[in-house]
Amino acid sequence: LKKGVTDEAEMREKMTNPEFLGIDPNVLLLILLLSFTGAMIGLWVAVKYLHKKKFISIVTSSSKIRWKRMLIAGAAWFALSAIWIMVGYLKDPNNLRFSFETVPFLISLGIALLFLPAQTWWEEFMMRGYLLQAIGQRTRSGLIPVVVTSVIFGLLHAGNPEVATNGFWQSIPMYILPGLLFGIIALLDEGLEIPMGLHLANNLFGTVIITNDNSAIQAFTVWRQNYPDTTLDFIGLLQLPVFLLIFWAIYKWDVKKLYK
């Protein structure tokens, strides 16, 4: 059994390894992100023509997208992620190596800035917008759709190479718990702007700032981990309730929305 799991982890790692596939990392990055652009178009068509609704209805209850919320949330997540990297370096300096290459990095950054929103925001629109609203309308509950969509969100990432490498039960909480945070915030704030900012900042950081060989997305980053630090990753989850409390204090959310 252990050998089978190891073989599966190695195969998943190879399928996201540009060197094994024989293509440039930036080409693989572009192909991966373009697939989500197609998915975004499909979701837009379904909402507009199948459900006869405005697409913004699954994004926010406001008349227009509150971009300021998204930018503040993204900047805060990016800054705290940088702090965690410094903590990781102090904890184990041999685990990080400087891998910056100017031209390839700028290409990765350009691709990420242009197309990563499609990947992260499709997941938000689909999970915390479309499905959360659909389940909420049927259950007449706040927390049930948040929990259900968070579990679905976690299971959608079960095929990632890091899950096979680190183990299902060790890895899946790393997706479900942020999903719970994003869902609770979407419910309390009646919009996806804050989750959109948090999710994009998280994935952008992992795409162009630091990655490792087990990551599902491979690009030219500033730093690379020689091996995943799962302990630090779990400690990093502590930032989730911190963000919730900070935004709760700023926007004065009504807790009753969680169980209406």
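These are my notebook entries on selected helices and residues of a predicted model.

**Entry 1: helix 3 against helix 5**

I began with the pair formed by helix 3 (residues 25–50) and helix 5 (residues 102–139), whose axes come within 9 Å and cross at roughly 30°. Since angles under 35 degrees count as roughly parallel, I noted helix 3 as roughly parallel to helix 5. I then looked up the handedness, and helix 3 passes helix 5 in a left-handed crossing. Sorting the residues of this contact by class, I found 22 nonpolar, 4 polar and 1 charged.

**Entry 2: helix 5 against helix 6**

Next I followed helix 5 to helix 6 (residues 143–156), where the two axes come within 8 Å and cross at roughly 140°. Because only angles over 145 degrees count as roughly antiparallel, I wrote this pair down as oblique. The crossing of helix 5 and helix 6 is right-handed.

Which residues make the contact of helix 5 and helix 6? From helix 5 I listed Glu123, Met127, Arg128, Leu131, Leu132, Ile135, Gly136 and Thr139, and from helix 6 I listed Ile144, Pro145, Val146, Val148, Thr149, Ile152, Phe153 and Leu156. By class, that contact has 11 nonpolar, 3 polar and 2 charged residues.

Between these two helices I stopped at arginine 140, which lies in the loop that joins helix 5 to helix 6. Its phi is near 55°, a positive value in a residue other than glycine. With a relative accessibility of 68%, arginine 140 counts as exposed, the cut-off for that class being over 50%.

I also checked leucine 114, which has its place in helix 5. Is leucine 114 buried or exposed? I recorded leucine 114 as exposed, because its relative accessible area is 65%. From leucine 114 to phenylalanine 125, 11 residues apart along the chain, I noted a C-alpha separation of 18 Å.

**Entry 3: helix 4 and the loop before it**

In the loop between helix 3 and helix 4 I looked up lysine 52, where phi is again positive and near 55° in a residue other than glycine. Lysine 52 has a relative accessible area of 65%, so I entered this residue as exposed.

For helix 4 (residues 67–91) I compared expected and modelled length: at 1.5 Å a residue its 25 residues should span 36 Å, and the end C-alpha atoms are indeed 36 Å apart, so the two agree. Which residues of helix 4 are buried? My list holds Arg69, Met70, Ala73, Gly74, Trp77, Ser81 and Gly88. The partners against which these buried residues pack are helix 5, helix 9, helix 10 (193–209), helix 11 (230–236) and helix 12 (239–251).

**Entry 4: helix 9**

I repeated the length check on helix 9 (residues 173–189), for which 17 residues at 1.5 Å each should span 24 Å, and the end C-alpha atoms lie 24 Å apart, which agrees. Helix 9 is mostly covered, with 13 of its 17 residues buried. Just after helix 9 comes glutamate 190, whose phi is positive and near 55°.

**Entry 5: phenylalanine 247 in helix 12**

I then turned to phenylalanine 247, which has its place in helix 12. Its relative accessible area is 3%, so I recorded phenylalanine 247 as buried. What does phenylalanine 247 touch, not counting residues up to four places away in sequence? I found Ala73, Ile185, Ile194, Leu198, Lys252 and Trp253. Of these I looked further at isoleucine 185, which is 62 residues from phenylalanine 247 along the chain, with the two C-alpha atoms separated by 8.4 Å. Ala73, for its part, is already in my list of buried residues in helix 4.

**Entry 6: the segment after helix 12**

Lysine 256 lies in the segment after helix 12. I classed lysine 256 as partly exposed, because its relative accessible area is 45%. Lysine 256 and glycine 142 are 114 residues apart in sequence, yet I read a C-alpha to C-alpha separation of 9.0 Å.

**Entry 7: threonine 211 in strand 2**

My last entry concerns threonine 211, which lies in strand 2 (residues 210–211). Threonine 211 counts as buried because its relative accessibility is 4%. Leaving aside residues up to four places away in sequence, I listed its contacts as Gly206, Ile217, Gln218, Thr221, Trp223, Arg224 and Gln225.

Terms used: Residues are numbered from 1 along each chain as its sequence is written. This is a predicted model: local features need pLDDT of at least 70, side-chain atom pairs count only at pLDDT 80 or more; totals for chains, interfaces and linings use all residues. Side-chain values use heavy atoms; hydrogens and water are left out. Axes are lines fitted to C-alpha atoms, for helices over the stretch in contact, and angles run from 0 to 180 degrees between N-to-C directions. Helices (H or I, at least four residues) and strands (E, at least two) are DSSP runs, numbered from the N terminus. Angles under 35 degrees count as roughly parallel, over 145 as roughly antiparallel, 65 to 115 as roughly perpendicular and the rest as oblique. A crossing is left-handed if the near helix is turned anticlockwise from the far one by less than a right angle, and right-handed if clockwise. Ala, Val, Leu, Ile, Met, Phe, Trp, Tyr, Cys and Pro count as nonpolar, Asp, Glu, Lys and Arg as charged, and the others, Gly among them, as polar. The expected span of a helix is 1.5 Å times one less than its number of residues. Buried means under 20% relative accessible area, exposed over 50%, partly exposed in between (1.4 Å probe, protein chains only). Contact means heavy atoms within 4.5 Å.
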